[in-house]
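Okay, hi everyone, thanks for having me. I'll put the structure up and then walk you through it, so have a look while I get going.

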Amino acid sequence: MTTTPTDATTMPTPADATADPAASAASAVSAASDTRTDPLSLTPALRRSAELERQLRQTPGRFRVLTGDRPTGALHLGHYFGTLHNRVRLQDLGVDVFVLIADYQVLTDRDVAERLGAYTDGLLLDYLAIGIDPARSTVFNHSAVPALNQLLLPFLSLVSVAELGRNPTVKDEIAHSRQSTVSGLMFTYPVHQAADILFCKGNVVPVGQDQLPHLQITRTVARRFNERYGAVFPEPDALLSDAPLLLGTDGTKMSKSRANSIPLGATADETARLIKGAKTDTDRHITYDPEGRPGVSSLVLLAALCLGRDPHDVAAEIGDGGGAALKRTVTDAVNTHLAPIRARRAEYARDMAYVRSVLRAGNERANAVAEATLDEVRGAMGALR
């Protein structure tokens, strides 16, 4: 699935599926409350997601994943621990991963797409730096794949205005929109996402629980098309995320649009400055208490993720050192963890011709896939070719 207007799509970090120390730390954070540890308490969506994880590890070649980001700013640490390194995990398992740079969807909640070229270059650099391999994953953008967007027309005929209006995610996006009025693109956003997923016949979509209504629209579109015209599309399943929530430097959700994030492309000095200005509290004794001390706990969690340690142990080690010691620990951990990624990013940045060729090659593959799907759709509908 592509991103919502406010954040990036997230992906799960199961402790038994990766040796990544950051993933191990995230697992330690959520182990006490992770409902997947108790099969009797699982909801159907969580049970299905756990089963998908098992199948992904056993037969990864059966699956195609669609995920992506909108080019509206620099990717940050929230994106990295929430989704980016898990795209690499799935790629390395052997899953066919499609990564969408959703340039058309920038217009869902803003009047113009600003700095589109620069932001797209930044996404490409981050993808390559974290380990997305263009030989095994397909990176492409909306505007370069006309056949994908043409699927929006028949798909819109399969859902009602009332169904779109009831979508809770759309309601939330409208409430937080930067536009003065609700555009048709925003209102039909879930159907555009259905085209994103179904053009490549994606059968697994990494999402957070808040995005399940979007995926349900995609499943509805696929089912109704198949019932009306014949079997063409899979009904994709949700791979639910238990990614850790990192707060921004102001104590609210880390976001590209809130100027409160720590970009992956920041220098070590810039990172130190941003962390130094992060919101904490007046209690010098450092503890990990996400509900009672959200700002302090988010910093502790960030250090733990980078170090591959339990956040309670990190907090206990800092003890009475206060906010200054906490921020030094976080700064050192982040800069050490990101050093090799930043080095690769700088190396790729010296050859932007190659970086942009990755997108061109991905667009070529995505176009071939989309055109084949559109031909199949036209044939099923009895339309002219």
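I'll start with the whole protein, then go to the strands, the empty spaces, and a few single residues.

One thing up front: what you see is a predicted model. The secondary structure comes to 16 helices and 5 strands. There are 385 residues in the protein, and 54% of them are buried. The accessible surface is about 16000 Å², and carbon and sulfur atoms account for 53% of that. Now take the contacts between residues at least 6 apart in sequence: 78% of those join residues at least 24 apart.

Okay, strands. Let's begin with β3, which covers residues 137–141. How many of its residues are buried? The count is 5 of 5, and that's what I have in mind when I call the strand mostly covered. If you're new to this, here's a handy general point: in a regular strand, side chains alternate between the two faces of the sheet. You can follow that along β3, where Ser137, Val139 and Asn141 point one way and Thr138 and Phe140 point the other way. Both groups are buried.

And who does β3 pair with? That's strand β2, residues 96–101, and the two run in the parallel sense over 5 bridges. If you want one spot to click on, try valine 97, whose bridge partner in β3 is serine 137.

Next up is strand β4, residues 204–207. Val204 and Pro206 point one way here, Val205 and Val207 point the other way, and again all of them are buried. β4 pairs with strand β5, residues 237–240, also in the parallel sense, over 4 bridges. To find that pairing on the screen, look for valine 207, which stands opposite leucine 240 in β5.

Now, the empty spaces. The general idea is that you roll a probe the size of a water molecule over the atoms, and that shows where empty space is left. Counting cavities of 30 Å³ or more, we get 2. The largest cavity has a volume of about 110 Å³. It's lined by 14 residues, and nearest its centre are Leu247, Gly248, Thr249, Ser298 and Leu299. Which helix gives the largest share of that lining? It's α13, with 4 residues. By class, the lining of this cavity has 8 nonpolar residues, 5 polar and 1 charged.

Then there are the pockets, and I'll show you the second largest one. About 340 Å³ of space lies in it. Its lining has 18 residues, with Gly73, Ala74, Leu75, Tyr119 and Pro263 nearest the centre. Helix α4, residues 116–130, gives the most to this lining, with 5 residues. The classes here are 9 nonpolar, 5 polar and 4 charged.

Last part: single residues. Since α13 came up with the cavity, let's look at serine 297, which sits in that helix, residues 294–307. Is serine 297 buried or exposed? Its relative accessible area is 2%, and the cut-off for buried is under 20%, so serine 297 counts as buried. Leaving out residues up to four places away in sequence, serine 297 touches Thr287, Tyr288, Asp289 and Pro290.

Compare that with aspartate 250, in the loop between β5 and α12. Aspartate 250 has a relative accessible area of 34%, so it's partly exposed. Leaving out residues up to four places away, aspartate 250 touches Asn260 and Lys279. Here's a distance you can check yourselves: aspartate 250 and serine 261 are 11 residues apart in sequence, and C-alpha to C-alpha they're 8.9 Å apart in space.

And to finish, two residues with a backbone angle to look up. Arginine 115 has a positive phi of about 50°, although it is not a glycine. You'll find arginine 115 in the loop between β2 and α4. With 57% relative accessibility, where the cut-off for exposed is over 50%, arginine 115 therefore counts as exposed. Lysine 201 has a positive phi too, about 55°, and it isn't a glycine either. Lysine 201 is in the loop between α10 and β4. At 28% relative accessibility, lysine 201 counts as partly exposed.

That's my tour, so shout if you'd like to go back to any part.

Terms used: Residues numbered from 1 in each chain as written. Predicted model: local features only at pLDDT ≥ 70, side-chain atom pairs only at ≥ 80, totals over all residues. Heavy atoms only, no water. Buried < 20%, exposed > 50% of the residue type's maximum accessible area, 1.4 Å probe, protein only. Contact = heavy atoms within 4.5 Å. 1 Å grid on protein atoms, 1.4 Å probe; cavity = no way out; pocket = protein on both sides within 12 Å on 5 of 7 lines; lining within 4 Å. Points joined across faces, edges and corners; volume = space filled by probe spheres on them. Nonpolar A, V, L, I, M, F, W, Y, C, P; charged D, E, K, R; others polar. Areas by Shrake-Rupley, 256 points an atom, 1.4 Å probe, with all protein chains shown as cover. Pairing = 2+ DSSP bridges.
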